[in-house]
Amino acid sequence: MNSDLLQIILKTAASCDLPIVIIGGLALPAYNIARSTLDLDLCIYIKNQEELNEFINILKKHEISTVQAPKINHNLFTVFGKGGEAEIWLQPCDTFRWDEKMVNRIQKFYSNVYVLSVEDYILTKLGRSDRSSTDINDILQILIANTNIIDWEYLIYRLKWTDLGKEFNEVLKGFKSDFTNNLRNISKDIWEKFNNKT
Amino acid sequence: MTVKKKTRSPIYVTLSDIERAYKKVEEFQRLIERGKTREQIFKDLLKLIQVE
């Protein structure tokens, strides 16, 4: 079962003292939205090859293995266990790497399941090199469902850090247009909260 | 072997996209109001990923 696979991976990371988070579509319920997904994506914060090797060796003892030879500078590797597989990313997005600030903002979803902060999660969607309309639709829903939760200053800092401000503005134009046409207050709030901070 | 270059879709958000997003958020809120927890929803999604 995938829940077993997930738990073994999470417990292995915890035993190695490595921060690990759920990313991708499966993380969406932590941000108050949901959609079906076919992938189990995790992201682990590993600083060196020794830590990575140890993590892989312990997984192997639990019959979870990879056919790749993951290196610390790779984006991700796939692991296979009984009844499932998971992609384990070594960086939150293929276009940017972990930093300490991001690690410190990891938040608990429940029990031993953790996710990125909502702002960093938005960045993983906006920044991916194969970004699709699904990613943009996820961002729209996250903004609506978390308008009052988002740390807009931190989000703006990250948008500048990843040079994605222009693209985020394109997303927000939709909310501006919605408020102009439909007078929806949440759309107005989203537009204003962003523009008041920039 | 050819390697396909990854590309980002251009961003163009329509009013229909926004409308759909609001509806999806409402659907999730209805699930919560009916007593489902975010954890249960996550676990339901996880079950769907299971590989035979």
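How are α1(A) and α2(B) oriented to each other, roughly parallel or roughly perpendicular? The question is addressed here on a predicted model, which scores ipTM 0.93 and pTM 0.94. For chain B, the average pLDDT is 88, and 85% of the residues score at least 70.

Two packed helices are described by the angle between their axes and by the distance between those axes. Helix α1 of chain A spans residues 2-15, and helix α2 of chain B spans residues 38-49. Their axes lie 8 Å apart, and the packing angle is about 110°. Angles of 65 to 115 degrees count as roughly perpendicular, and α1(A) and α2(B) are therefore roughly perpendicular to each other. On the chain A side of this packing, α1(A) contributes N2(A), S3(A) and L6(A). These residues meet K43(B), L46(B) and I49(B) of α2(B). By residue class, the contact of α1(A) with α2(B) consists of three nonpolar, two polar and one charged.

The contact between the two chains as a whole involves 39 residues from chain A and 26 residues from chain B. On the side of chain A that touches chain B, at least two residues each are supplied by α1, β4 (84-89), α5 (133-145) and α7 (165-182). Helix α7(A) provides the largest share of that side, with nine residues. The residues of the side of chain A that touches chain B comprise 16 nonpolar, 16 polar and seven charged.

Notes:
Residues numbered from 1 in each chain as written. Chains lettered and ligands numbered in written order. Predicted model: local features only at pLDDT ≥ 70, side-chain atom pairs only at ≥ 80, totals over all residues. pLDDT = per-residue confidence, 0-100. Axes fitted to C-alpha atoms, helices over the stretch in contact; angles between N-to-C directions. Helix = DSSP H or I, 4+ residues; strand = E, 2+ residues; numbered from the N terminus. Parallel < 35°, antiparallel > 145°, perpendicular 65-115°, else oblique. Contact = placed C-beta atoms within 7 Å. Nonpolar A, V, L, I, M, F, W, Y, C, P; charged D, E, K, R; others polar.
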